[in-house]
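Q: I'm new to this structure and would rather get to know one spot properly than skim everything. Could you pick a single place, look at it closely, and then work outwards from there?

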Amino acid sequence: QSVSDVRLSGALGVAANMAARLGGGNLHDIAATTSVSGHRMRTESSATGLIIDADAGRITTIDHKQKSYTSMTFAEMAAAMQQATQSAKQSSSAERAKEKTRDPQAAEDSVKFKYKVAVDRPGQREKVSGYDVERVFVTVTIEAEVSSEGKKDEAVGNMVFLVDQWLSKDAPQIAALREFQRAYMQKAGQEFRSQAQGLQSVFANDPRMKNGFEAAAKELARVPGIALKSATYVSLVPVGLEYDRQLTLGDGATAAKESAAKKDEKPSGGRLRGMMGAMRAAAENASKQSEKPSDTSAPPRQTLLMTVVDEVKSITQGNVPAATFAPPAEYKEIRRP
């Protein structure tokens with residue numbers, strides 16, 4: 001059993017929270033149960049469920065609100081992914097052609113990425129759900145450069161992913177998860193091979209991207225154990241500024257306190273009216289900010305965009321009923337093309 005929380009900063013956070021409420025859900029304190037037995041796994045929350053049967057090569061998604069489910073084979077999902085990729089390529093090509101028609105002299109910009117991965121084990125230890133854990137930081141820095149015809153490459157800043165994990169080497173689900181993942185990758189690899197080859201062709205256009213992902217995978221593989229508590233932070237760092245991990249951790253703690261303080265607030269005058277009031281307040285605040293004279297002398301600073309937190313609350317061992325890995329009998333199957 002675990003609890004996860006997603007926090008988005010600024011206007012993006014306001015919009016995401018409102019969208020979640022309109023959908024009857026939220027982004028905070030999402031309780032989930034993950035069951036693993038043999039080569040089958042089910043992840044369940046109050047709103048949705050996901051069942052993966054590696055031996056059957058099938059993924060089933062469950063919608064508890066609609067009391068329905070959808071089932072796809074790995075091959076069908078691979079075909080859908082291939083179709084989506086092809087559609088995205090065609091859409092991108094069409095957009096570039098339109099832009100060229102509007103301005104034949106316009107130079108095509110391209111973005112290049114460079115990845116750096118660093119692992120830090122500061123030696124901190126504690127207990128999570130009764131198990132010993134060690135803290136490990138994994139920092140992935142994505143440096144972006146824009147290249148234009150006839151111009152020098154220009155750095156546009158970095159995006160930094162900080163993964164703060166508390167890893168356990170003796171949690172009882174490790175063996176079960178490893179066996180499931182082995183079977184899943186063996187079966188899925190056969191169906192998703194064309195997608196993997198497609199990614200390799202993308203990497204060939206920029207070897208640094210391929211090297212960055214390989215470096216990240218190697219560093220993560222060197223750290224043994226399973227995460228019982230983790231937080232992932234996504235930050236933007238302006239050009240010329242060094243990333244400050246402590247600043248990110250401080251911003252994350254502040255966001256957590258603000259989220260906890262607002263958790264019990266109820267929209268006044270009903271859900272819709274309450275959200276309209278929140279939207280109006282956000283718009284008024286944005287307007288006030290835009291009316292302030294811009295201070296061009298203010299130094300650039302890194303910005304925390306998103307925080308995703310997940311923590312295991314309890315672990316139970318025992319027999320898992322076969323019915324766990326099937327949708328409820330009274331639910332209706334929805335077939336999708």
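A: Glutamine 173 counts as buried because its relative accessible area is 18%, and buried means under 20% (over 50% is exposed, in between is partly exposed, with a 1.4 Å probe and protein chains only). Bear in mind that this is a predicted model, where local features need pLDDT of at least 70 and side-chain atom pairs count only at pLDDT 80 or more, while totals for chains, interfaces and linings use all residues. Residues are numbered from 1 along each chain as its sequence is written, and side-chain values use heavy atoms, with hydrogens and water left out.

So where does this glutamine sit? Look in the loop between E10 and H3; helices (H or I, at least four residues) and strands (E, at least two) are DSSP runs numbered from the N terminus. Setting aside neighbours within four places in sequence, glutamine 173 touches Ile226, Leu228 and Ile315, where a contact means heavy atoms within 4.5 Å. With Ile315, the C-alpha atoms are 7.8 Å apart, though 142 residues separate the pair along the chain.

Glutamine 173 also belongs to the second largest pocket: together with Thr34, Val36, Leu177 and Ile226, it lies nearest the centre, out of 33 lining residues. A pocket here is an open set of points on a 1 Å grid over the protein atoms alone, where a 1.4 Å probe fits, with protein on both sides within 12 Å along at least five of seven lines, and lining residues have an atom within 4 Å of a point. Helix H3 (174–191) is joined by strands E2 (30–37), E3 (40–44), E11 (226–237) and E12 (303–312), each giving at least two residues to that lining. The top contributor is H3, with six residues.

Now step back along the chain from the glutamine's loop to E10 (residues 154–168), which pairs with E9 in the antiparallel sense over 12 bridges; strands pair if DSSP finds at least two bridges between them. One of the partnerships sets phenylalanine 137 against aspartate 164 in E10.

Strand E9 (residues 131–147) is worth a pause: 12 of its 17 residues are buried, so the rest of the structure largely encloses it. It also pairs antiparallel with E7 (residues 110–120), over 11 bridges, and there serine 110 has serine 147 of E9 as its bridge partner. Strand E8 (residues 125–128) runs antiparallel to E9 too, through four bridges, with valine 128 opposite tyrosine 131. Two residues lie between E8 and E9 in their hairpin, and serine 129 there has a positive phi near 55 degrees.

For another buried residue, try threonine 70, at 9% relative accessibility, in strand E6 (residues 68–73). Not counting residues up to four places away, threonine 70 touches Ile59, Thr60, Thr61, Ile334 and Arg336.

Zooming right out, the chain has seven helices and 13 strands. Of its 337 residues, 27% count as buried. Among contacts between residues at least 6 apart in sequence, 68% join residues at least 24 apart.
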